[in-house]
2 protein chains.
Amino acid sequence: MYSQAVDRSILTPLTFIQRNAKVYSQKVAIIYNQKRFTYGEFANRINCLASALRHAGLEKGDRVAFFCFNTPPMLEAHFAVPLAGGILVSINTRLTSQEVVYILNDCGAKFLFVDTELANIIRPVQNNLETVKHIINIDDLEGFEPLDGEDYEAFLQTGKPTPLSWIITDEMETISINYTSGTSGKPKGVMYSHRGAYINSLGEIIETTLTPNSVYLWTLPMFHCNGWCFTWGVTAIGGTHICLRKFNPGNIWKLIQQKEVTHLNAAPAILISLFNHPNCPQLLEKPLTITTAGAPPSPTLIEKITKIGAKIIHVYGLTEVYGPYTVCEYQSDWDNLMIAEKAKLMARQGVPYIGADGLRVVDQNMNDVPADGQTMGEVVMRGNMVMTGYYNDPEVTERVFRGGWFHSGDLAVMHPDGYIEVRDRMKDIIITSGENVSSIEVEQCLYRHQAVLECAVIAVPNARRGEVPKAFVTLKERAQVTEQELIQFCRNQIAAFKCPTKIEFTTLPKTSTGKIQKYLLREKEWIGYEKRIYGG
Amino acid sequence: MYSQAVDRSILTPLTFIQRNAKVYSQKVAIIYNQKRFTYGEFANRINCLASALRHAGLEKGDRVAFFCFNTPPMLEAHFAVPLAGGILVSINTRLTSQEVVYILNDCGAKFLFVDTELANIIRPVQNNLETVKHIINIDDLEGFEPLDGEDYEAFLQTGKPTPLSWIITDEMETISINYTSGTSGKPKGVMYSHRGAYINSLGEIIETTLTPNSVYLWTLPMFHCNGWCFTWGVTAIGGTHICLRKFNPGNIWKLIQQKEVTHLNAAPAILISLFNHPNCPQLLEKPLTITTAGAPPSPTLIEKITKIGAKIIHVYGLTEVYGPYTVCEYQSDWDNLMIAEKAKLMARQGVPYIGADGLRVVDQNMNDVPADGQTMGEVVMRGNMVMTGYYNDPEVTERVFRGGWFHSGDLAVMHPDGYIEVRDRMKDIIITSGENVSSIEVEQCLYRHQAVLECAVIAVPNARRGEVPKAFVTLKERAQVTEQELIQFCRNQIAAFKCPTKIEFTTLPKTSTGKIQKYLLREKEWIGYEKRIYGG
């Protein structure tokens, strides 16, 4: 009706910090050990970092990689990088040198920020970096040799705390790229848009009931789907972030009590270690909401969490959908059920978030499977909570979006009440302690050993880590290698969490055409389990 | 990166009912007297109404007017009309025949739904309806003669409960038109978009902390900014709506206790009548959140509300910004203040919602006034929480959006902490019990009386209704009329709440060029008041 579009503005997480720099200028935004930053200071540091990046030559769309722990710089980057006009690439700190260099080159990072404790991962491959022009050291913990490059705090000093104007002009522009283990064995860069990040952030506020009084403890790595968008969400609501360099169950309980933590997120395997720790209290003094994903929480875990007075929210998603996409919404009539029955219902992946569009479980012809709780199909999703695509890979993007829906590769049933329950995976992915591992990547690694003739890697259930990779290996004639040697061989190449925990030397079952029948191996390993996914 | 846009979907409140029809199919969505509708039934009725509308000839963009109370059909319309492809026009039930017919003709309504109790308002002007083709009677309360036309429940029967596919293709399409008293004297149709309605709904969930356990009592008319978007918001979160035909303080307290109400919204004047009622409990049994707007709540009111254990949230906005736009976010360091000091801070209009974009207080040259808590300027706003414009009035739209910002006509100061405080109005608007009245409209009405030579209408403070219209009248020579006669003369033309409560016969102060100096009249009436706006 009128010339200027003043009736809409870009949906971007940048509005969150812009607002709360004013609204909560004196409120504590971040606590990290003895450090405290108010929202005013947080915003100032973000503006400094953003202007420093621009000053150092960042151009619109440049990729800025962060390889660090859940420290304040990682949070600052979530706003400063897009504010500067860049795209944030936050890298899993558990990866090996080879894996990290692959990601840095694949995304073509111009800037690399590295925690000094991780400098040793970069150093051996520094000459292989094809695009990185600036290295900035985050010197958080004493005793580590930094890389050649600038210091984070000194770098901030080259910027200014005055608010910067935005460079983005379209809410569909990319805000971040998150690498995930691809089924092809190579990690793929999942692109998030400003709009998607915005809507997912509000979704997390609503589904986990964050308020300005919330105190969020960073047990979940921020490199996982930008911390499931809680980096942006907790900031949006004006809550307090408690940063955490490393996960240590005993320390977590202390923090929960000292800092009056109200919310934390973790995979069930992590929660199991937390709830089995001697510091776990009999009863919490304050309400605590725990959101879990990566695998269904077991009845035992649900019972333990509930017993001490905490609330558990079970969500499901994957990197391609900004982290959580469904939530097992609690129905009040479950109150009357016995704990075992209730836990069974709560272990289901549930229903879409308010901000999600469709969720379907479909057969190969894209027809919905019957909602009978029995017929399996693939989980497909679409809408604002789905990635815009894989970076530099239109072909695979096109494939996973076939038929107008994102194909998760997860196999589920649809229950009569509309809740989905994931039972198995089509894709060769193992989820161990909340980390994705591509079986193919592990197999490729094993094949590099001269003694290995053939191999197959599958997920097997494990009480502590949920699932772990197990390898089945046929050796070449007369070749010899021990299980331990082969595991060590893998450890030299890929992240420790990806390496097989067990290797069985055997002949592999095959079809008449010579294809390895992994499902036969899986069947044997999963006897006695209802589902083929496991969270401990 | 790929051909189909599966990474985004239209932001529309239609997704809310689509989701919760499945997620909460068995949960109670609406309670109205002895009636109860689950979300499944609610969705079915919405689908019936939408398909009935299409069947009856509704075409995309047609206006569908509802002239009724806060009964289930009014809620159903908020989803069914946009689902059918139409635009909802919900009309203030306190208006006169002439006022209603003006709105119906101005928006060009094709369908008119009328509560039988209001049939008498329509009947005398039925022949003046220029565009209405279908009249549907909502026969909610016995004893009233319906208009010639169909019955609501029978009309629903002509539709089908099967889900309908949407017609909207762009989230900026209009979902509703809400008429507001214009400063020109004629009501203006404020257009809301699907996108704006969506973002405002999520904003209400977040700011007033609605959860699926929330029970929302409809004390606020749904014809006010679509119930400040709570029609959509409460549905989005899967809460329970308690419908309410009429506001009756004694009954409200009973409902709050019987139905375990957790949330309600009302203007301070309404709250005053509620909290001064003998049924008001000493202490509430369950938490209750009261959101108030239309005028700042007084310290007395804030104290009363807090004392019984309820929480008060003060928000500010206007029809042009979908209802609330700012919220007086509570800061934890206010805990330590004395109640009087705290109430003063809480009576400020505050800071923008998370989903709002900018908020400024500007001088005539669009420069920000200093944040000194003293310098007055006009409140201007923009972004997703601002209307798309006035229906069929590009000229006025252009004017209120001058400089790229929506001009509220409210005068405020900006405090050093970034909170705004509205002190006065530039526009000739009186806000009485939460209803807007155009002084000009009242003056035009008075001028129709043959005895009136000149008149001026202003807002004066009133303990019960906040503000009320007062008229200053100069009679023609030798003409005679009493105060009561003149008030009755107004009542025959305009809604009762718009009529002057007092008339002073006097000569009017004027400038040398003959312009009436309303501000001199106001000054006299507002002696002893800090601000020139008042909520009781």
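User: In this predicted model, which residue in β6(A) is the bridge partner of L112(A)?

Analyst: Let's start with the strands, bearing in mind that the model is predicted. β5(A) pairs with strand β6 (residues 134-138) of chain A in the parallel sense, over five bridges. Within that pairing, L112(A) has as its bridge partner in β6(A) the residue I135(A).

User: And which residue in β5(A) is the bridge partner of F66(A)?

Analyst: That takes us to strand β3 (residues 63-67) of chain A, which runs parallel to β5(A) and is joined to it by four bridges. The partner of F66(A) in β5(A) is F113(A).

User: How many of the five residues of strand β5 in chain A are buried?

Analyst: Take the two faces of β5(A) in turn. On one side F111(A), F113(A) and D115(A) are buried, and on the other L112(A) and V114(A) are buried too, so both faces are covered, with "buried" meaning under 20% relative accessible area. The strand, residues 111-115, is therefore largely enclosed by the rest of the structure, and the count of buried residues is five of the five.

User: Which strands stand at the edges of the open sheet in chain A?

Analyst: The sheet has nine strands with mixed pairing, in the order β2-β1-β11-β10-β12-β13-β14-β15-β16. An edge strand here has a single partner, so one side of it is left without a neighbour in the sheet. The two that fit are β2 (35-38) and β16 (351-352) of chain A.

User: Inside that sheet, which residue in β11(A) stands opposite Y216(A)?

Analyst: Strand β10 (residues 215-217) and strand β11 (residues 240-242) of chain A pair in the parallel sense, over three bridges. Opposite Y216(A) in β11(A) you'll find H241(A).

User: What angle does helix α3 of chain A make with the direction of β1(A)?

Analyst: Helix α3 (residues 72-84) of chain A packs on the sheet. There it touches β1 (28-32), β2 and β11 of chain A. Its direction and that of β1(A) make an angle of about 145°.

User: Over in chain B, is α1(B) roughly perpendicular or roughly parallel to α3(B)?

Analyst: Helix α1 (residues 14-23) and helix α3 (residues 72-84) of chain B pack with their axes 9 Å apart, at an angle of about 110°. Angles of 65 to 115 degrees count as roughly perpendicular. So α1(B) is, relative to α3(B), roughly perpendicular.

User: How do the residues of that contact of α1(B) with α3(B) divide into nonpolar, polar and charged?

Analyst: The crossing is left-handed. From α1(B) come L14(B), F16(B) and I17(B), and from α3(B) come F79(B), P82(B) and L83(B). That splits into no polar, no charged and six nonpolar.

User: What about the contact of α1(B) with α7(B): how do its residues divide?

Analyst: Helix α7 (residues 194-207) of chain B crosses α1(B) at roughly 60°, and the axes come within 9 Å. That makes α1(B) oblique to α7(B). L14(B), T15(B) and F16(B) meet H194(B), Y198(B), S201(B) and L202(B) of α7(B). The tally is four nonpolar, three polar and no charged.

User: Is N367(B) buried, partly exposed or exposed?

Analyst: N367(B) sits in the loop between β17 (359-362) and β18 (376-381) of chain B. Leaving aside neighbours within four places in sequence, N367(B) is in contact with R360(B), V361(B) and V362(B). Its relative accessibility is 41%, so N367(B) counts as partly exposed.

Key:
Residues numbered from 1 in each chain as written. Chains lettered and ligands numbered in written order. Predicted model: local features only at pLDDT ≥ 70, side-chain atom pairs only at ≥ 80, totals over all residues. Heavy atoms only, no water. Axes fitted to C-alpha atoms, helices over the stretch in contact; angles between N-to-C directions. Parallel < 35°, antiparallel > 145°, perpendicular 65-115°, else oblique. Left-handed = near helix turned anticlockwise from the far one by under 90°. Contact = heavy atoms within 4.5 Å. Nonpolar A, V, L, I, M, F, W, Y, C, P; charged D, E, K, R; others polar. Pairing = 2+ DSSP bridges. Buried < 20%, exposed > 50% of the residue type's maximum accessible area, 1.4 Å probe, protein only.
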